[in-house]
Structures are given as structure tokens and as C-alpha cells.
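Work through the exercises below with the model open. Try each task before reading its solution.

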Amino acid sequence: MYMLIAIAVTILVIALAWRGMGARTPDAPQAGAGPARGPRPRPRPTRTIAPDDDPEFLNEIDRRMRGEDKSS
């Protein structure tokens, strides 16, 4: 009998700790967080351009190959 009570109390403590530590889904609204707002706009992902796709890089290589580069 004591074992069942101990298991029930343990489950209760774990459930309360879980809620207290904020185990929420990322999109779930938070209680008491102030006035409800719409979803925050996500920042636009920056696109990394590979050197062989970058027109400025290719123009620089072309200038160096032709000997038009005065900086080096």
C-alpha cells in the first residue's frame, strides 16, 4: 500500500515540476505573458552564395586572368 502512495506522489511531483519548468510546445501561448500578440515574424533566411555563383567574384577572377588587376 505504501508503495502505491509513493508512486502516486512521485508522479504528482514530476508532473508539477514539469509544468513549473515550462515544458511547453514552442507555438503554444504562454499563460500570464501579457496581451495576446500575433506570431512574431520570422527573419528571412540569408542565402549563402558559393564563390562560383557570385558575379562579383567571377568578375574579379576574370580581371586577374586578363592582367587588368592593378592591386596585386
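The exercises run from the whole chain to single side-chain pairs.

This is a predicted model, in which local features need pLDDT of at least 70, side-chain atom pairs count only at pLDDT 80 or more, and totals for chains, interfaces and linings use all residues. Residues are numbered from 1 along each chain as its sequence is written, and side-chain values use heavy atoms, with hydrogens and water left out.

**Exercise 1. Overall content**

Task: State how many helices and strands the protein has, and what share of its residues is buried.

Solution:
- Start with secondary structure. There are two helices and zero strands. Helices (H or I, at least four residues) and strands (E, at least two) are DSSP runs, numbered from the N terminus.
- Turn to burial. Of 72 residues, 1% count as buried. Buried means under 20% relative accessible area, exposed over 50%, and partly exposed in between (1.4 Å probe, protein chains only).
- Add the surface. The protein exposes about 7,700 Å², with carbon and sulfur atoms supplying 60% of it. These areas come from the Shrake-Rupley method with a 1.4 Å probe; for residues, only the protein chains shown count as cover.

**Exercise 2. Helix 1 and its surroundings**

Task: Compare the span of helix 1 with the expected value, then describe its burial.

Solution:
- Take the limits. Helix 1 covers residues 2-20, which is 19 residues.
- Check the span. From first to last C-alpha it reaches 27 Å, close to the 27 Å expected at 1.5 Å a residue. The expected span is 1.5 Å times one less than the number of residues.
- Count the buried residues. The number is zero, so helix 1 lies largely in the open.
- Look just before the helix. Met-1 lies in the preceding segment and is exposed, at 74% relative accessible area.
- Find the nonpolar patch. Met-1, Tyr-2, Met-3, Leu-4, Ile-5, Ile-7, Val-9, Ile-11 and Val-13 form it on the surface, with about 1,100 Å² of accessible area together. Patch members have over 30% relative accessible area and no salt bridge; like charges are joined within 9 Å, nonpolar side chains (Val, Leu, Ile, Met, Phe, Trp, Tyr) within 5 Å.
- Look just after the helix. Gly-22 takes a positive phi of about 85°.

**Exercise 3. Salt bridges of helix 2**

Task: Locate the three salt bridges found in the whole structure, and identify the residues joined into one network.

Solution:
- Fix the criterion. A salt bridge is a side-chain nitrogen of Lys or Arg within 4 Å of a carboxyl oxygen of Asp or Glu.
- Take Glu-60 with Arg-63. Their closest N and O atoms are 2.7 Å apart. The two are three residues apart in helix 2 (residues 55-66), about one helical turn.
- Take Glu-60 with Arg-64. The N to O distance is 3.3 Å. They lie four residues apart in helix 2.
- Recall the geometry. An α-helix has 3.6 residues a turn, so residues three or four places apart point the same way.
- Assign exposure. Glu-60 is partly exposed at 23%, as is Arg-63 at 36%. Arg-64 is exposed at 51%.
- Take Asp-62 with Arg-66. Their salt bridge has an N to O distance of 3.5 Å. Both lie in helix 2, four residues apart. Asp-62 is partly exposed at 33%, and Arg-66 is exposed at 59%.
- Join the pairs. Shared partners link Glu-60, Arg-63 and Arg-64 into one network of salt bridges.

**Exercise 4. Geometry of helix 2**

Task: Check the span of helix 2 and describe the backbone just after it.

Solution:
- Compute the expectation. At 1.5 Å a residue, the 12 residues should span 16 Å.
- Compare. The end C-alpha atoms are 16 Å apart, which agrees.
- Step past the helix. Gly-67 takes a positive phi of about 85°.
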